[in-house]
Amino acid sequence: MSEQLRQQIYQELDSLVLIDPHTHINQLAPASTTLADILGYHYYTELAHSAGLARDQIEEEGIEPREKVARLMTQMGPLSNTIQYSWFLEMAQQLFGFEGTIIDQGNWESVYDAAAEKMAAPDWAEQVLRQSKLEAVFLTNDFDDPLEGFDTGVYIPCLRTDDLVFKLAEPSVRMRLEQATDCVLTDVASLRQSLSALFDHFTAHQARACAISLPPDFSPRRVSEGRAETALAALLAQEAGADASHLQSIGQFVFWTLAELCDQHQLPFDLMIGVNRGVYPGGVYQGQDLYDSRVSLIQYEELFNAFPAVTFPISVLASVTNQELTSYAWIFPNVVTNGHWWYSNTPTFIEHDAAARLEAVPRTKQIGYYSDMYKLEFALPKFNMYKRILSKILAERFVVDRRWSEEDAVDLGKQVLRGNVERIFNVGGGE
Amino acid sequence: MSEQLRQQIYQELDSLVLIDPHTHINQLAPASTTLADILGYHYYTELAHSAGLARDQIEEEGIEPREKVARLMTQMGPLSNTIQYSWFLEMAQQLFGFEGTIIDQGNWESVYDAAAEKMAAPDWAEQVLRQSKLEAVFLTNDFDDPLEGFDTGVYIPCLRTDDLVFKLAEPSVRMRLEQATDCVLTDVASLRQSLSALFDHFTAHQARACAISLPPDFSPRRVSEGRAETALAALLAQEAGADASHLQSIGQFVFWTLAELCDQHQLPFDLMIGVNRGVYPGGVYQGQDLYDSRVSLIQYEELFNAFPAVTFPISVLASVTNQELTSYAWIFPNVVTNGHWWYSNTPTFIEHDAAARLEAVPRTKQIGYYSDMYKLEFALPKFNMYKRILSKILAERFVVDRRWSEEDAVDLGKQVLRGNVERIFNVGGGE
Amino acid sequence: MSEQLRQQIYQELDSLVLIDPHTHINQLAPASTTLADILGYHYYTELAHSAGLARDQIEEEGIEPREKVARLMTQMGPLSNTIQYSWFLEMAQQLFGFEGTIIDQGNWESVYDAAAEKMAAPDWAEQVLRQSKLEAVFLTNDFDDPLEGFDTGVYIPCLRTDDLVFKLAEPSVRMRLEQATDCVLTDVASLRQSLSALFDHFTAHQARACAISLPPDFSPRRVSEGRAETALAALLAQEAGADASHLQSIGQFVFWTLAELCDQHQLPFDLMIGVNRGVYPGGVYQGQDLYDSRVSLIQYEELFNAFPAVTFPISVLASVTNQELTSYAWIFPNVVTNGHWWYSNTPTFIEHDAAARLEAVPRTKQIGYYSDMYKLEFALPKFNMYKRILSKILAERFVVDRRWSEEDAVDLGKQVLRGNVERIFNVGGGE
């Protein structure tokens with residue numbers, strides 16, 4: 001019974017047209033041009049490296065796309081169990097017309113060629129969006145992105161702020177900020193002014209969120225104006241050589257100011273909590289980050305209390321933090337659960353984490369999924385994975401365990417997949 | 001096969017008459033008088049607030065019960081996915097004769113009226129107990145409760161001690177202690193004498209447990225008499241203004257003395273570990289507490305070793321602590337697993353946590369469930385939820401996976417539901 | 001469908017002949033001589049003690065094996081739910097010819113006698129290996145084990161190093177080291193020389209791994225030669241009375257040197273992370289250890305980066321650390337997941353942890369299971385438990401959820417059960 005039920009629910013959920021609320025798409029080159037764009041995604045390069053392929057083989061300067069794929073394919077066998085490999089396979093089947101069930105060293109070239117031909121179509125990005133049933137995707141824009149030359153109804157700007165909070169001591173970051181805002185950074189007033197200018201720029205270009213990823217030891221605090229002034233002076237004078245306490249204070253100040261600006265501009269502030277950067281410096285590009293799972297949302301107590309009018313869609317990197325997220329979203333009106341991030345974006349963790357949320361957090365406060373993709377082709381297999389798991393949970397835990405009707409279960413699924421994205425970010429049909 | 005099996009096991013478990021080993025029932029007003037008593041439970045008010053209802057709407061002074069329910073019902077839609085809503089629905093169906101499958105703004109008034117009529121019966125509390133198959137429930141009594149005017153065979157006293165450990169610096173708490181024990185608090189000897197008097201009073205009134213909830217950073221330590229004397233002097237002189245180290249020492253001293261008194265009076269000491277109070281001060285009544293899940297039972301090492309003759313039924317707030325609880329109960333003879341507390345009292349966590357316990361902790365050392373209820377009507381749906389999950393675990397993990405007979409599985413379920421409660425707390429048929 | 005499928009996959013996996021990559025077998029007395037060797041395993045003595053049997057009853061000096069079993073059997077009823085009891089039962093059924101489904105006070109003597117008769121056979125150890133489909137087992141040898149008088153093709157040496165890292169301050173440990181290596185310990189050079197001699201000795205006797213168990217607060221660090229010299233001098237002068245910082249530094253130095261020697265000798269270094277020793281000193285032998293689950297693999301960041309050529313098969317004690325292990329093995333080429341250790345070696349945790357690994361870690365980097373046994377009879381029921389769970393995961397999560405063929409699923413199972421053990425440790429058919 002249950003398997004057929006899952007299938008039926010899946011079909012219903014799969015009929016939805018979606019908005020993807022968090023991606024790393026480059027709006028000016030949203031889709032892939034060869035399979036190297038697909039297998040160059042860090043999920044494959046890092047796994048291939050983990051399985052034995054040397055970094056310099058993967059990242060050799062000037063390597064041809066076909067050669068890069070050839071090298072990565074030598075390590076696909078060891079990855080064939082992973083859910084990441086299954087994304088690749090499903091993508092090839094659905095988007096490139098591949099009809100087999102395994103892509104290996106014997107047949108990858110035909111997939112490469114078929115993909116290249118498809119990708120050469122001038123409207124390939126639109127084809128992918130249409131086939132993936134995607135109406136729009138959120139971007140992750142650098143703070144100095146001009147946000148011009150694309151349709152912000154399809155590619156929705158989102159202000160990414162990691163550099164501002166954690167790298168303001170770097171001259172290049174401050175220079176980018178000054179150039180983007182036409183404002184010289186000399187004191188706290190000018191810093192606040194330039195941050196404010198960024199929000200003006202982004203909201204003028206239909207940005208619908210501010211976002212940041214945070215290390216496990218970060219704990220937001222309101223910093224006094226005087227403390228911030230001292231810290232900024234030290235930072236301007238000594239840059240990265242300034243005392244760590246100053247760097248920390250200025251990071252805290254910028255973060256808090258961003259929250260204030262989200263409040264003023266009614267922008268949700270996406271917090272992605274728990275990543276340690278550069279844990280494995282010998283790893284491939286974007287394959288160096290890991291985490292310390294000893295993090296708690298209690299670190300965000302002051303923030304959640306200080307900004308009752310700001311919505312915080314929260315992603316946690318480790319599944320062990322998911323119960324806290326569930327509980328904090330159950331208690332704090334401004335905390336919303338947001339997708340399944342990175343190392344928790346695999347079926348066992350998604351199933352456990354999503355089930356816990358679905359039974360304890362108000363249904364209006366759950367953003368089911370985002371793809372986190374760099375190229376449009378990934379939305380289809382990633383969302384399909386999530387929809388299958390969601391269907392399993394709805395079938396087993398709602399229809400069977402709690403005797404819900406299939407219709408009610410489907411409605412719940414649709415709400416976390418689409419309805420809440422519209423309402424929380426003020427996009428799509430909800431406008 | 002498995003679904004029918006679950007159902008059969010559930011029927012068997014559901015035939016048991018139970019004793020609820022932890023509730024917050026007011027023995028002088030155990031049942032509800034209107035639906036406002038039901039929906040006024042913090043599980044609903046906090047979720048409704050989280051979903052968007054302002055606190056002053058919920059807690060307006062002098063609001064009529066029907067109006068309060070009307071306001072809360074405006075937010076029931078967003079909660080319809082929650083297991084808490086399902087308790088409400090099942091209660092209405094089983095206790096108030098409601099025949100639908102959804103209670104919303106269109107029909108709640110008829111449920112309100114039906115409930116009010118039922119609740120008006122002079123023997124309503126007894127009806128609820130009977131229909132819920134409850135023989136007795138444990139209370140959570142303030143230390144100065146006179147414990148008079150009720151049947152302690154049905155409403156079993158339990159000495160709650162949070163105020164003594166954490167709030168002795170408050171004059172009102174000390175005054176209540178002095179009045180309850182007729183003993184002036186001047187030094188450690190008088191403090192010990194008054195605590196001892198509380199135990200005499202409670203055990204004279206058939207108390208069967210001492211209980212306390214503890215924050216994640218609490219770690220019991222034996223405090224020397226001299227240290228306690230200094231700390232108490234500071235506390236008496238400066239009250240809440242005393243140095244934090246003094247407040248901590250006196251808390252430690254009181255806690256340790258309570259354990260000594262449990263030892264002398266052969267009372268189990270229920271420890272409910274992991275709550276941070278007042279994390280969201282803007283929340284509704286009883287809807288302000290959350291937690292930091294970074295807590296370990298290693299903090300209780302000294303305590304468990306020091307009191308081998310005291311049984312510690314332990315509840316943990318976060319599911320990530322459940323494996324430690326399982327392991328500590330597997331090793332320490334005096335550690336017993338106790339129910340599924342608060343933020344872990346939802347199906348996904350119960351299923352994972354109970355399964356782990358059932359396969360690794362001696363069957364005699366597991367208290368399956370308690371309702372934690374404030375009004376009698378909640379025992380029925382909460383215990384039913386647990387019994388369904390327990391049936392699922394027994395069916396899937398014992399009968400199917402381990403090839404147990406259905407009878408053996410049912411026996412195990414009955415033992416954790418009832419038998420162990422009798423033996424561990426020395427109540428019911430076991431006496 | 002799924003239950004039959006599980007069964008089919010199980011049959012395929014069960015046809016494999018295995019190598020057990022971690023046990024505590026005494027190569028000179030590998031099998032049991034009476035049931036007291038079986039029930040004397042700490043998994044039974046500690047549970048029986050936890051359920052109420054006094055330690056001095058279990059550990060009475062000079063007690064006869066039959067009497068010891070008689071006493072333990074008085075507490076088997078309370079343990080009948082545990083997976084540990086099921087190991088005992090399955091072992092009796094498969095190895096001793098027991099035909100019932102319960103062993104209790106009424107019939108244990110016949111099992112005792114049947115077992116004794118079987119165990120009396122001169123080739124009992126070989127019988128057990130054959131019946132358990134075991135080709136070889138890894139040992140856990142003290143560093144001063146002469147490693148003589150046995151077939152290292154069946155009993156594969158493994159250098160256990162806890163004493164060297166954590167107990168070098170004990171004169172008896174240093175004396176054993178000096179005698180084993182014929183090298184007087186006076187300074188860092190001689191310490192390094194003696195450690196090197198151990199590796200020469202072990203690799204000359206076909207050792208295939210170095211291993212250590214580590215407390216949750218251990219964090220490997222490279223220690224300078226000068227710092228180590230100072231620390232060692234203090235340790236030699238003051239022994240356990242030396243300052244804690246010296247003891248810690250020398251432990252760090254020895255650990256790091258072991259990793260260097262693993263590098264030179266191409267030996268994998270098994271890390272078993274997370275145990276606190278002696279938490280319950282009143283417990284039975286080997287039943288006193290527990291843990292603080294607040295540990296992170298970030299503590300091993302420096303180590304993993306410093307030794308890219310050393311393979312680290314890693315076991316974690318707590319299931320809450322399993323996602324970190326999964327992620328670190330996904331990123332670091334030299335990190336391999338290793339079995340399900342101790343308090344995580346029960347079905348609910350194995351199922352959750354193994355599923356997460358199987359879908360995110362390269363299939364070549366997962367060692368499915370080891371028995372951790374002290375007597376050969378335990379491999380059969382423990383591996384069977386794992387194979388059943390593995391079959392369940394493969395059936396439900398690969399064949400059903402991801403539409404794999406049964407053959408592919410079986411291949412994945414075989415690889416984590418056997419193929420990876422051969423390749424990673426350079427043993428068996430892979431040589």
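**Exercise 1.** In which loop of chain B does B:Leu147 lie? State also whether B:Leu147 is buried or exposed.

*Solution.* The model is predicted: local features need pLDDT of at least 70, side-chain atom pairs count only at pLDDT 80 or more, and totals for chains, interfaces and linings use all residues. Residues are numbered from 1 along each chain as its sequence is written, chains are lettered from A and ligands numbered from 1 in the order in which they are written, and side-chain values use heavy atoms, without hydrogens and water.

Step 1. Helices (H or I, at least four residues) and strands (E, at least two) are DSSP runs, numbered from the N terminus. B:Leu147 lies in the loop between β2 (134-138) and β3 (155-156) of chain B.

Step 2. Buried means under 20% relative accessible area, exposed over 50%, and partly exposed in between (1.4 Å probe, protein chains only). The relative accessibility of B:Leu147 is 2%, so B:Leu147 counts as buried.

Step 3. Most residues other than glycine have a negative phi. B:Leu147 is not a glycine, yet its phi is positive, about 60°.

**Exercise 2.** Locate C:Trp342 and describe its phi.

*Solution.*
Step 1. C:Trp342 belongs to the loop between β8 (335-338) and α16 (347-358) of chain C.

Step 2. Its phi is positive, about 55°, although C:Trp342 is not a glycine.

Step 3. C:Trp342 has a relative accessible area of 8% and is therefore buried.

**Exercise 3.** Describe the surroundings of A:His340.

*Solution.*
Step 1. A:His340 sits in the loop between β8 (335-338) and α16 (347-358) of chain A.

Step 2. With a relative accessible area of 3%, A:His340 is buried.

Step 3. Contact means heavy atoms within 4.5 Å. Leaving aside neighbours within four places in sequence, A:His340 is in contact with residues including A:Asn345, A:Asp353, A:Arg357 and A:Tyr386.

Step 4. A:Ile350 is also in contact with A:His340; the two are ten residues apart in sequence, and their C-alpha atoms are 6.3 Å apart.

**Exercise 4.** Analyse the packing of α3 (residues 42-50) and α6 (residues 83-95) of chain C.

*Solution.*
Step 1. Axes are lines fitted to C-alpha atoms, for helices over the stretch in contact, and angles run from 0 to 180 degrees between N-to-C directions. The axes of α3(C) and α6(C) come within 10 Å and cross at roughly 130°.

Step 2. Angles under 35 degrees count as roughly parallel, over 145 as roughly antiparallel, 65 to 115 as roughly perpendicular and the rest as oblique. α3(C) and α6(C) are therefore oblique to each other.

Step 3. From α3(C), C:Tyr43, C:Tyr44 and C:Leu47 make the contact; from α6(C), C:Gln84, C:Tyr85, C:Trp87 and C:Phe88 do.

Step 4. Ala, Val, Leu, Ile, Met, Phe, Trp, Tyr, Cys and Pro count as nonpolar, Asp, Glu, Lys and Arg as charged, and the others, Gly among them, as polar. The contact of α3(C) with α6(C) has six nonpolar residues, one polar and no charged.

**Exercise 5.** Treat α16 (residues 347-358) of chain B and α16(C) in the same manner.

*Solution.*
Step 1. The axes of α16(B) and α16(C) are 8 Å apart, and the helices pack at an angle of about 130°.

Step 2. That makes α16(B) oblique to α16(C).

Step 3. B:His352, B:Ala355 and B:Ala356 of α16(B) meet C:Thr348, C:Phe349 and C:His352 of α16(C).

Step 4. By class, this contact of α16(B) with α16(C) has three nonpolar, three polar and no charged residues.
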